[in-house]
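This report walks through the pockets, cavities and ligand site of one protein. Please keep the sequence and the 3D view at hand while reading.

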Amino acid sequence: MEFAALAAAFREIEAQSSRIRVTTRLAELFRSAPGDAGILPYLLQGQLGPPYAAPDLGLDEQRIALALATAARVPIAEIERLYDQQGDLGLVAESLLAPSSGPGPTVREVYDRLRLIAATVGIGSAVEKVRLLRDLLGRTGGDTARYLIRIVEGRLRLGVGDATVLDALSIVSAGNLSARPRIARAYGLCADLGVVADRLLSGGLSALDEIHPTPGRPVLPALAGRLPSASEVIRRLGPVIAEPKYDGLRLQAHKDGDRVWLFTRRLEEVTGAFPEIVGAVRGQVAAHQAILDGEAVGYEPRTGAFLPFQQTARRRRKYRIAELEASFPLRYYLFDLLLLDGQDLTSAPQRQRSGLLDSIVRSEPSAAIDVAPRVETDNPRELEVFVAEMLRRGLEGAVAKRPDAPYEAGTRGLHWVKLKREHGESLLDTFDLVVLGYDRGRGRRARLGIGSLLCGVYDPERDRFRTVSRVGSGLTDDEWLRLREMLDASATPARPSPVDSLVEPDVWVEPRYVLEVVAGEIIRSPRHTCGMENGQPGYALRFPRVSGFRFDRRPVDATTQAEVVELYRLQRARSTGDIFPTGYDAATGSTRPDRAER
Ligand code: AMP
């Protein structure tokens, strides 16, 4: 496919607010260029590879402007003048480079050329990168140049999330969304939409079954759902495996012989930051090949007490690692095993995975790796006691796991359920919210230039962020100022396309940062779009307060709309004393309507 045809699709997608139409357009795009399916997902998201391995072009704005000036044969000062006028280098390129009459580059050529620019390093590379970009720009013109520049600048922002690409691929393969779960599962196992799209278009759905976890390529971490009490957990899940919930950094460790990789929950490779964990994976894991899931928590070396998340997070540095290793040692608690010596375990039941994990990890006193302890129970009281004991030890609570469930890569469901503090009368729970915008503030806060944040939850079904609250407290003046600086760097002139909002903040920002917010209660609200359906009001948080910064989470890992709706239902049930939904049969624990009707 010609890059010009892709640019035309970008233009349509950018102008389209209906997600269904965007999805259909993407499906058409994949169908019309099956040979490019492996790279289209990257380019649609303005990347040159999957998130964990997308290379950086290494070109700053100055050099991009220089390449444009030489391609358009105008002085650099002219580019600067137009840029000041239009505020967008893509538009400047469009106005200077006329649409070319001859054949332009293909999508593959553009991709290969950009990868080549990224791979050009060493002496003289800066000049060479500019030359390579100038040649490429010289073969484009009009809006093709506009989108090329936006990709190069890392500012494409079409608002096409992973979930939308997965929907489009299901439409390509089945004509509807019925293939979505199978495609999403394959995506979860390789975290690479390019691989999934390529396999699907070349070999059909059955080719996806050949995608397995591979050392060096992260798996999307399974996420935990939420239920309010131990009895609700047992009622919904039956017997569970309960483990401590550590509040640290989620790490996935990969081992292939002597090679070890560590990935965060956002799929960033952080192998260099945790030498003691790398050493322990080599020394304590008795397997040639393994993919392990767990949480690394910092502890106070003298007392052994666990450190809070924000302190553990300081270990994720690039510099002075040895110094930090001594003052903030970590212990990596393993709780899952996804691959063992070539065998994909993700479909095996939790109980079997946990058992195999025990069998390959050599426990050693005060070593950097340990297996998370666990108990199995079907007794709500016993589970409650376990949670209370974990809280007493300074942990965050417990995670209850269904013993028969597979590893649900990238999914937040009820296969794992987190149980934090007992809520009592008020909700007082934490939510991971995405910042969507902010107001400049009044009175004292006007001096800081930031008053309240407009925050939202994620709706994975529609791949949208929907507002749930304005949050204006919880940070110090200094923190507000720093946050404002960060937000300003990702401010957008209008509401970003994946955001649903009735509220108009003073400043819109790219959905990029996740904050932990404590709230007292969930209420129905006509102002917020979270859970707003068929003219019914949405849901909002009352008495919200920022309680932490969660840079370890991607926006799509934020609290979901469904979680808020479910918590609201349970909150109401508590206040009326009826925690069971209509049709609940205490004898069987079933809520099937046929039982209720009998
Ligand atoms: P949350 O981040 O509140 O959605 O809770 C889920 C997170 O708890 C996971 O992503 C892990 O990082 C963390 N976690 C801590 N201990 C465990 C455990 N034993 N099993 C699973 N996840 C755990």
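## The second largest pocket

In this predicted model, two elements each give at least two residues to the lining of the second largest pocket: helix α19 (477-489) and strand β21 (545-549). The pocket holds about 440 Å³ of space. Its lining counts 15 residues, and those closest to the centre are Q310, L475, E479, R482 and F549.

What classes of residue make up this lining? There are 8 nonpolar, 4 polar and 3 charged residues in the lining of the second largest pocket. Two domains contribute: domain 2 (223-420) and domain 3 (430-576) each supply at least three lining residues.

## Domain layout

The domain assignment splits the protein into domain 1 (3-153), domain 2 (223-420) and domain 3 (430-576). How far apart are the C-alpha centres of domain 1 and domain 3? The distance between these two centres is 33 Å.

## The largest cavity

The structure contains 3 cavities of 30 Å³ or more. The largest cavity has a volume of about 440 Å³. Its lining takes in 31 residues, with A224, K245, R265, E295 and R553 nearest the centre. Five elements are listed as giving two or more residues each to this lining: β1 (223-226), β2 (240-245), β10 (397-401), β11 (412-419) and β12 (429-438).

Charged residues number 18 in the lining of the largest cavity, beside 10 nonpolar and 3 polar ones. Domain 2 (223-420) and domain 3 (430-576) each provide at least three residues of the lining of the largest cavity. The lining of the second largest pocket also draws at least three residues from each of these domains.

## The ligand site

Which residues come nearest to the ligand? Of the 16 residues around the ligand, they are R250, E295, K401, K418 and R553. E295 and R553 are also among the residues nearest the centre of the largest cavity.

Three side chains can be placed by their polar contacts. In R250, an N or O atom of the side chain sits 2.7 Å from an oxygen atom of the ligand. R265 offers a side-chain N or O atom 3.0 Å from a ligand oxygen atom. R265 is also one of the residues nearest the centre of the largest cavity. K401 meets a nitrogen atom of the ligand instead, with a polar side-chain atom 2.8 Å away. How much of the ligand does the protein bury? The protein buries 97% of the 490 Å² that the ligand exposes when taken alone.

## The second largest cavity

The second largest cavity has a volume of about 60 Å³. Residues P41, Y42, Q45, G49, P50 and P51 help to line it, along with D162, Y187, A191, D192 and L193. By class, the lining of the second largest cavity has 7 nonpolar, 2 polar and 2 charged residues.

Notes: Residues are numbered from 1 along each chain as its sequence is written. This is a predicted model: local features need pLDDT of at least 70, side-chain atom pairs count only at pLDDT 80 or more; totals for chains, interfaces and linings use all residues. Side-chain values use heavy atoms; hydrogens and water are left out. On a 1 Å grid over the protein atoms alone, a cavity is a set of points where a 1.4 Å probe fits but cannot get out, and a pocket is an open set with protein on both sides within 12 Å along at least five of seven lines; lining residues have an atom within 4 Å of a point. Grid points are joined across faces, edges and corners, and a volume is the space filled by probe spheres set on the points. Helices (H or I, at least four residues) and strands (E, at least two) are DSSP runs, numbered from the N terminus. Ala, Val, Leu, Ile, Met, Phe, Trp, Tyr, Cys and Pro count as nonpolar, Asp, Glu, Lys and Arg as charged, and the others, Gly among them, as polar. Domain bounds come from an automatic or database domain assignment. A residue is near a molecule or strand if one of its heavy atoms lies within 4 Å of it. A polar contact is a pair of N or O atoms within 3.5 Å; within protein, one must be able to donate a hydrogen and the other to accept it, and residues adjacent in sequence count only if both atoms are side-chain atoms. Accessible areas come from the Shrake-Rupley method with a 1.4 Å probe; for residues, only the protein chains shown count as cover.
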